[in-house]
Amino acid sequence: MLASINALFAESVATLQSWATALFAKLPNMVVAAVALALGWWLGKLAQRVAVRASQRFSNNAQLNRLGALGVRLAVFGLALFIALEVLELEKTVASLLAGLGVAGVALGFAFQDIAANSMSGLMMAIQRPFQIGDLIETSGHLGTVCHIDLRNTVLLRTDGIHVIVPNREVFGKPILNYTREAPRRVTVAVGVSYDADLDQVERVAHEALCDVPNRLDARPVEVLFTGFGGSSVDLELRFWTDNSVQGGWLQSRSDAIRRVKSAFDAHGIEIPFPIRTLDMPGEVVGALGQLGSGAPGTRAGVAVGSAAEA
C-alpha cells in the first residue's frame, strides 16, 4: 500500500516537473505572444483613429466612418491574435477556433435574426443615406425629426414631443417621406366658390392674395386651377411654392395663404358657400311631417322638422 502511494507521488512529481520544464521552454514564446497581443491592441486603436480621419476626407457620414474604423481595428487585433497563437504553436487551436466561430455564427444567426436584420438595414441606410440627423421624415406611421441613428434603431422626435424608437428593419423596408431633403415644397389650398361667382375675378383675386404670402418662392409661379363642380360650389386648387428649409415653414405658409385668401374673397364679395343638402321625400311624408310640426307646438324638434319639410 505504501509502495503504491510512493509510486503515485513520484509519478505526480515527475509530471509536474515535465510541465514546469515545458512552461520554461515556452516562456520566451509566451512573452512574444503577449507582446504581439499588446502591440496588436495598440496598433488597432491607432489604426481606428487614422481610419476615422481618412474616411472623413471622402465621406461626411459619421456613422459609416465609425463602423469602418471599428472594422479596421478588429482586423488588426485579429491578425495579432492569430500571430500570438502561431508563436505558441497552437495551430490546431486556431483551426478549432475558426471552426467553432463558424458554428457559433450560424447558431447566433438563427437565434438573433431580428438583430441581424436591423443591423444590416442600419448598414445599408448608412451607405445609402436616405436621411440624416435633423431631417423631418415620416416612416412606419410616425412623423418626426431624426434625433439618433445607430445600427439597430432610428430615434424620432415626433411633432407632439414624443420620442419613438423605430427598428431599422421597419424603416429600411418601408417608404420614407423626407420633408427636409429638398428646400422648395409646394403648398396646395383647396377652396370652393359660389356658382354665382365670376370665375375670372376669383382667379385674379386669389392670385393677388397668394403673391404676397411670406416665404413664397418668387421663382415659381402661383397657380389657380379650377378642379370641378362640387355639390354646392365650384372647386379650385391654389398652388404655390415655399422655402421649406426652416422647420414648420410649410405649415405657416399654408396658414398665411388660407387667411389671405379668405380676407381677399370677403373684401371682393366672393362667397365660399356652405354645403347644401336636398332631401326628396314623397308628398304624403311631407304632409305628415307638416301636420306633426303644426300640431305639436310644445315639441321643439317637431316644429324644426315641419319647417324643414315646408322648405
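Is Asp-218 buried or exposed? In this predicted model, Asp-218 is exposed, with a relative accessible area of 66%. Exposed here means over 50%, so 66% clears the bar. Now look at what Asp-218 is holding on to: a salt bridge ties it to Arg-216, with the closest N and O atoms 3.2 Å apart. Arg-216 sits on the other side of the cut-offs, because buried means under 20% and Arg-216 has a relative accessibility of 14%. So this salt bridge pairs an exposed Asp-218 with a buried Arg-216.

That pair is part of a set, as the structure holds five salt bridges. Another one of them joins the side chains of Arg-158 and Asp-160, at 2.6 Å from N to O. Both partners fall in the middle class, which runs between 20% and 50%. Arg-158 is partly exposed at 24% relative accessible area, and Asp-160 is partly exposed at 47%.

For a salt bridge inside a helix, turn to α7, which covers residues 249–267. Here Lys-262 reaches Asp-266, and the closest N and O atoms are 2.5 Å apart. Why mention their places in the helix? Lys-262 and Asp-266 are four residues apart in α7, so about one helical turn separates them. As for cover, Lys-262 counts as partly exposed at 40% relative accessibility, and Asp-266 is partly exposed too, with a relative accessible area of 47%.

While you're on α7, check how it lies against α6, residues 199–211. Two packed helices are described by the angle between their axes and the distance between the axes. For this pair, the axes come within 9 Å and cross at roughly 140°. That angle makes α6 oblique to α7, because only angles over 145 degrees count as roughly antiparallel. The crossing of α6 and α7 is right-handed.

Last stop: helix α1, which takes in residues 2–56 and is where you'll find Leu-46. Which residues join Leu-46 in a nonpolar patch on the surface? They are Leu-39, Trp-42, Leu-43 and Val-50, and with Leu-46 they have about 450 Å² of accessible area together. Leu-46 itself is partly exposed, at 31% relative accessible area. Patch members need over 30%, so Leu-46, with its 31%, makes the cut.

Notes. Residues are numbered from 1 along each chain as its sequence is written. This is a predicted model: local features need pLDDT of at least 70, side-chain atom pairs count only at pLDDT 80 or more; totals for chains, interfaces and linings use all residues. Side-chain values use heavy atoms; hydrogens and water are left out. Patches are made of residues with over 30% relative accessible area and no salt bridge: like charges are joined within 9 Å, nonpolar side chains (Val, Leu, Ile, Met, Phe, Trp, Tyr) within 5 Å. Accessible areas come from the Shrake-Rupley method with a 1.4 Å probe; for residues, only the protein chains shown count as cover. A salt bridge is a side-chain nitrogen of Lys or Arg within 4 Å of a carboxyl oxygen of Asp or Glu. Helices (H or I, at least four residues) and strands (E, at least two) are DSSP runs, numbered from the N terminus. Buried means under 20% relative accessible area, exposed over 50%, partly exposed in between (1.4 Å probe, protein chains only). Axes are lines fitted to C-alpha atoms, for helices over the stretch in contact, and angles run from 0 to 180 degrees between N-to-C directions. Angles under 35 degrees count as roughly parallel, over 145 as roughly antiparallel, 65 to 115 as roughly perpendicular and the rest as oblique. A crossing is left-handed if the near helix is turned anticlockwise from the far one by less than a right angle, and right-handed if clockwise.
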